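Biologist: Could you take a close look at the surroundings of the ligand and set them in the context of the fold? I would like one connected account.

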Amino acid sequence: MVGAVLVRDGEIIAEAFHEGFGLPHAERALLESFNDPIKPDDILYVNLEPCCHHGKTPPCTDIIIDKGIKRIVYGMKDPNPEVSGKGIMALERAGIETVGPVLPEICQRLNRGFISLQTKGRPYITLKHAQTRSGEIANSDGSTLKITSPQQDEWSHRYLRARHDAILVGAGTVITDDPQLTIRLEDKKLEQSSALRIVLDPESKIPNDAQIIEEGTLVIIGETLLESVTTNPEQAFVPARMQELQERGAQVIQLPIKDDVFDWDALWRELLDHGISTVLVEGGASTWANFKKAGMIDEEVWLVGIMDNKDL
Ligand SMILES: NC(=O)c1ccc[n+]([C@@H]2O[C@H](COP(=O)([O-])OP(=O)(O)OC[C@H]3O[C@@H](n4cnc5c(N)ncnc54)[C@H](OP(=O)(O)O)[C@@H]3O)[C@@H](O)[C@H]2O)c1
């Protein structure tokens, strides 16, 4: 998420942002569409260090130099080793005054997904838990317990679901809670931000009519399931189930299992193919535990129910 603004005499005279993977970067988009001559006191602000390498698009440092920008303020250094510090060096070598990084923490927060992909090779992962004041996450028989208030739900839809690229749950949660995992808000514009819904279902146990099974939902099953259909009659249901899920619009993919969980590298590769850089893990207990055990957590959010249901 990168934006650029061009400022003249304290006023913004042009702005642009990076609209998506493979498309022009913010500063290039701005400078390509700004046709007036650049004045010596104009300042270009951008939240990420301009790139100096040929990726999907040509280096932004070239167009900044060619257009005659003399001063640039940047928010943070690029974590990509091909760029980090080198973009600034290229600008300074061309006589451009550079100021920054001016707001590294805020800028890093904004681009935590991209930074995680660059530095850890996996998406940024947030775990969301809801629990009662006495610590329950479900009823004692495992059935669904409504913990959060409508205000807490509104908050988590707005600040968690709408701000992650994907929302992930384990098969147990789909079987017990039958969640929709959609974004439901009064602000209808935010509802349109569509996070990819993902179910980890190695044994293909979730019901075909689960609410989450809709257009686009990604259901991940164990790679060996289909292979064992011929040798294990108990698995004979799997192809028919996969077909039913696919007929309802879900994408069913198979990944290898390693040490009882999906192979993490294979999972990250799959998510990268879907353009995912941030994942909200909503449960349940075993899924949280698997992510924790593997050290795959960047942030945890606890929503504590204002009242225990038994107090109501
Ligand atoms: N309070 C809350 O915030 C909250 C949120 C969600 C759910 N819940 C509650 O939590 C309970 C469900 O939790 P649960 O532990 O039974 O189920 P779960 O965590 O939703 O799902 C567990 C199953 O998902 C699969 N799985 C999870 N992580 C995996 C990984 N890394 N690789 C491969 N497979 C993986 C495994 O399937 P297999 O068993 O097929 O191997 C595992 O048994 C329900 O009572 C629900 O109401 C509470």
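Modeller: The domain bounds used here come from an automatic or database domain assignment. With those bounds, domain 1 covers 3–110 and domain 2 covers 113–311, and the C-alpha centres of domain 1 and domain 2 lie 37 Å apart. What I describe is a predicted model, in which the C-alpha trace of the protein spans about 70 × 50 × 35 Å along its principal axes. Where domain 1 meets domain 2, four residues of domain 1 are in contact with four residues of domain 2, and the side of domain 1 that touches domain 2 is made up of two nonpolar and two polar residues, with no charged ones.

The protein has twelve helices and 14 strands, and to place the ligand we need a set of seven of these strands, which form an open sheet with parallel pairing in the order β10-β9-β8-β7-β13-β6-β14. Its edge strands are β10 (251–255) and β14 (299–304), each of which pairs on one side only, and from one strand to the next the twist averages 25 degrees. Within this sheet, strand β6 (residues 124–131) and strand β13 (residues 278–283) run parallel and are joined by four bridges; T126, for instance, has L280 in β13 as its bridge partner. Helix α12 (residues 285–293) lies across β6, β7 (166–170), β8 (196–200) and β13, and its direction makes an angle of about 135 degrees with β13.

Turning to the ligand itself, there are 28 residues around it, of which A138, G170, G172, G283 and G284 come nearest. Several elements already described return here, since two or more residues of the shell are given by each of β6, β7, α7 (171–177), β12 (261–262), β13 and α12. The largest share, five residues, comes from α7. In character, the shell around the ligand divides into eleven nonpolar, 13 polar and four charged residues, and for reading that division it matters that Gly is counted among the polar residues.

As for the protein as a whole, buried residues make up 32% of its 312 residues. Among the contacts with a separation of 6 or more, 70% are between residues 24 or more positions apart.

Methods. Residues numbered from 1 in each chain as written. Predicted model: local features only at pLDDT ≥ 70, side-chain atom pairs only at ≥ 80, totals over all residues. Contact = placed C-beta atoms within 7 Å. Pairing = 2+ DSSP bridges. Axes fitted to C-alpha atoms, helices over the stretch in contact; angles between N-to-C directions. Near = placed C-beta within 6 Å. Buried ≥ 20, exposed ≤ 12 C-beta atoms within 10 Å, placed from the backbone.
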